[in-house]
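User: Hey, can you walk me through this one? I'm new to reading structures, so plain words please.
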Amino acid sequence: MSTETINALAKFIAEKILKQPNKVIAADEALISSGLIDSFSLMDLALFVEDTFGVRIEDTELNADTFDNLDQLAALISSRK
Amino acid sequence: MTTLPNLLQQSYREVPDKTSVILQHAGQPDKPLTYRDLIRGANRYALTYAREGIQPGEVVILILQHGEDLVYSFWGAILHGAIPSIMPFLTEKLAPEKYRADLASLISITKPTTIVTYPEFEAEVRGALVAGDSVRHVILTDQIEAETEPNFESLQGFKSTPEDIVVLQHSSGTTGLQKGVALSHRAVLNQMDAYGKAIRLGPASDVIVSWLPLYHDMGFIACFIMPILLRIPLVKMSPFDWVRAPYRLLQSVSQYKGTLTWLPNFAYNFCAHKIRGRNLEGVDLSSWRAVINCSEPVHVESHDLFYEKFSAYGLRKSALQTCYAMAENVFAVTQSPLDGIPVLDEIDRETFMTKRLATPPKPGQPTIKMTSSGRPLPNVKIRVVDESLNDLPERAVGEIAVQSDCMLTEYFNRPDATEAAIKNLPAQGGVPMLGTFPAAEDGSGSVSANSWYLTGDYGYISNGELYVSGRKKDLIIVGGKNVYPQDLEALASEVPGVHKGRTVAFGMYDEEEGTEEVVIIAEADSTDPSKMEAIADAIRKHVTKSSAIALRHVKVVDDKWIIKTSSGKTARSANKEKFLKELGAS
């Protein structure tokens with residue numbers, strides 16, 4: 001389940017946010033603190049998570065303290081399901 | 001003529017209990033500040049500047065985030081007669097070493113004596129200082145004098161004259177930070193007066209709502225200095241909160257019956273695409289009398305998207321307006337009349353591209369829809385000139401030149417840049433010119449009768465309206481932020497494997513986003529696809545961390561791809577054309 005979640009998130013980030021479909025994103029790679037995901041795209045990620053997994057991430061949570069890599073984001077999603 | 005400190009003092013005496021600013025922070029209750037709060041808070045900083053021995057006329061750099069300290073430290077500098085300038089705060093996107101380098105570059109030209117920041121950020125600031133530079137004080141927000149009743153007689157800012165420089169505005173990046181636009185009290189107050197008339201600003205009825213940062217003219221002048229000086233309530237949220245939750249802007253307009261907002265073009269698309277209905281329940285936008293599109297090229301499609309999305313919540317079509325503005329004129333140059341919708345001018349594409357003329361559409365031929373930026377403010381004159389500074393007729397595209405009584409005094413400590421931008425133009429004879437404002441012949445104000453500011457923007461005049469069509473100076477505007485391509489090219493050149501100086505950066509309009517996206521093309525040693533991909537990745541990381549600009553396309557090419565010319569400007573347009581052709585073909 002977690003691998004599936006991570007794969008779906010990685011695909012979305014590479015294709016829709018970074019527009020580099022071939023980019024491989026490691027599960028422990030920093031996403032927010034590294035600047036990889038632009039602040040303008042955090043909303044897109046939150047909306048994708050909501051539509052795909054039915055889990056809501058509040059806007060005040062869209063920062064590196066809540067999650068900073070795919071592992072942490074997948075854990076957050078499963079904890080709220 | 002009065003000065004900014006005098007206006008603050010009058011507000012303190014006349015309307016101490018009136019709400020001046022409502023500061024919003026996501027997850028916290030709103031924080032209203034009355035004029036009494038604002039001026040007493042500013043006075044604490046003025047006393048602190050005096051305690052530290054800071055002299056009037058010295059530059060104070062403010063490195064603070066959205067919040068009370070930024071507001072007080074700014075107006076405190078004004079009360080003290082020091083010259084404040086607001087610098088962006090470090091974000092996750094930017095590498096700290098690059099931030100320090102930008103700060104050091106600003107210090108080397110602007111020569112501030114003082115920096116104000118948070119205790120947590122002191123080390124970062126000190127890391128940018130070098131022995132022998134101009135900075136003598138780093139003031140921390142926990143070292144500020146206690147609140148007392150302001151003693152206006154002893155505050156140094158009351159000795160300022162209208163001609164004194166009151167603020168500096170910088171744009172971003174290495175190049176932008178080295179050109180501080182210096183504005184006098186007179187220029188700021190003349191702009192307020194003229195712009196206030198153009199938008200029929202009313203202290204009894206208007207409420208400005210803004211998420212814009214204060215280090216950019218639109219947020220700084222229209223949504224900070226103007227409302228505070230003219231007693232218009234200002235609801236101000238953090239740009240960081242807005243970008244994560246754009247619906248907050250609409251909720252605030254609804255809650256506080258906001259009447260005026262300024263947005264860069266991309267924000268119309270961003271709001272239309274990213275706000276969900278559940279965040280708009282009960283929202284009423286009928287109080288919004290103008291949402292003014294400014295600081296990026298205006299695209300009518302963005303207005304349409306915004307209207308389609310929010311008309312169900314009371315947004316009026318007539319609220320969607322346009323403005324052409326620049327820090328060098330304090331802020332606005334033109335404004336669309338607020339009683340209708342901005343004029344649309346549909347022109348023939350081919351004639352526009354090849355002959356630089358805006359002519360009526362030809363049957364069956366492709367067209368371009370140009371949106372008017374409106375008419376000049378009552379204190380502004382505009383003309384359009386060719387390369388040799390000769391006036392052009394109506395509907396001919398040329399460089400826009402501006403004259404007003406609210407122009408910059410100079411680029412601070414940059415006589416070379418000032419001289420390059422302000423030119424003497426001969427009086428006109430029978431050519432179109434917008435505006436009737438008579439230039440001051442007596443030397444009052446900063447410009448003489450023949451001085452015109454050459455904006456570096458291209459446009460044309462038709463029927464008393466100004467249409468802005470492009471830029472002469474190479475500048476990419478991404479999400480309302482000005483970026484110099486030469487800065488990005490230099491950064492890409494630093495990446496190992498890239499041939500130094502063989503990089504090209506340019507902007508490409510993205511219709512979905514409503515703004516320009518940055519493309520970088522870089523020449524590299526290797527033709528091995530996996531190595532080229534690794535270099536592209538390294539360029540993305542390095543440029544983003546060093547400029548806080550996300551790149552849309554990075555193309556790594558061999559040594560035959562890039563078209564080389566003697567000027568960076570022609571190289572950029574030639575390579576952009578080649579890139580677009582390949583993109584279209586693939």
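User: Let's start with chain B. What handedness does the crossing of α1(B) and α3(B) have?
Analyst: α1(B) goes past α3(B) in a left-handed crossing. Keep in mind as we go that this is a predicted model.

User: OK, and what angle do those two helices pack at?
Analyst: About 110°, with 8 Å between the axes. Here α1 covers residues 4-14 of chain B and α3 covers residues 68-80 of chain B. Angles from 65 to 115 degrees count as roughly perpendicular, and α1(B) and α3(B) are therefore described that way.

User: Which residues meet there?
Analyst: From α1(B) you have L4(B), P5(B) and L8(B), and they meet W75(B), I78(B) and L79(B) of α3(B). Sorted by class, that contact has 6 nonpolar residues, with no polar and no charged ones.

User: Is there another helix pair in chain B we can look at?
Analyst: Sure, try α15 (residues 485-493) and α16 (residues 529-547) of chain B. Their axes come within 9 Å and cross at roughly 130°. That angle makes α15(B) oblique to α16(B).

User: Which hand is that crossing, and which residues make it?
Analyst: The crossing of α15(B) and α16(B) is right-handed. On the α15(B) side there are D487(B), L488(B), L491(B) and A492(B). They meet I539(B), H542(B), V543(B), S546(B) and S547(B) in α16(B). The classes in this contact are 5 nonpolar, 3 polar and 1 charged.

User: Let's zoom out. How many helices and strands does chain B have?
Analyst: Chain B has 17 helices and 28 strands.

User: And how much room does chain B take up?
Analyst: Along the principal axes, its C-alpha atoms fill a box of roughly 70 × 60 × 55 Å. The radius of gyration of chain B is 24 Å, which agrees with the value near 25 Å for a compact globule with 586 residues.

User: What's the mean pLDDT of chain B?
Analyst: It's 92, and 95% of the residues in chain B reach 70 or more. One stretch to watch is residues 437-446 of chain B, where the pLDDT is below 50. That stretch still has 18 contacts in the model, beyond near neighbours in sequence.

User: So how should I treat a stretch like that?
Analyst: Where pLDDT is low, don't read the predicted coordinates in detail.

User: Switching to chain A. What's it built from?
Analyst: Chain A has 3 helices and 0 strands. Starting at the N terminus, the order of its elements is α-α-α. Its radius of gyration is 11 Å, close to the 12 Å from the globule rule for 81 residues, so chain A is as compact as a globular protein of that length. The C-alpha trace of chain A spans about 30 × 25 × 20 Å along its principal axes.

User: Which element of chain A has the lowest mean pLDDT, and which the highest?
Analyst: Helix α2 (residues 39-53) of chain A has the lowest, at 92, and α3(A) has the highest, at 94. Chain A as a whole averages a pLDDT of 91, and 99% of its residues score at least 70.

User: How do α1 and α3 of chain A cross?
Analyst: Helix α1 (residues 2-17) and helix α3 (residues 70-80) of chain A have axes that come within 9 Å and cross at roughly 120°. That makes α1(A) oblique to α3(A). The way α1(A) passes α3(A) is right-handed.

User: Who's touching whom in that pair?
Analyst: From α1(A), the contact uses S2(A), T5(A), I6(A), L9(A) and A10(A). From α3(A), it uses L70(A), L73(A), A74(A), I77(A) and S78(A). By class, the residues of this contact are 7 nonpolar, 3 polar and no charged.

User: Last topic: how many residues does each chain put into the contact between A and B?
Analyst: Chain A gives 13 residues and chain B gives 14 residues. The side of chain A that touches chain B has 6 nonpolar, 4 polar and 3 charged residues.

User: And which overall scores does the model get?
Analyst: The ipTM is 0.89 and the pTM is 0.91.

Terms used: Residues numbered from 1 in each chain as written. Chains lettered and ligands numbered in written order. Predicted model: local features only at pLDDT ≥ 70, side-chain atom pairs only at ≥ 80, totals over all residues. Contact = placed C-beta atoms within 7 Å. Nonpolar A, V, L, I, M, F, W, Y, C, P; charged D, E, K, R; others polar. pLDDT = per-residue confidence, 0-100. Axes fitted to C-alpha atoms, helices over the stretch in contact; angles between N-to-C directions. Helix = DSSP H or I, 4+ residues; strand = E, 2+ residues; numbered from the N terminus. Parallel < 35°, antiparallel > 145°, perpendicular 65-115°, else oblique. Left-handed = near helix turned anticlockwise from the far one by under 90°. Rg over C-alpha atoms; globule rule 2.2 N^0.38 Å.
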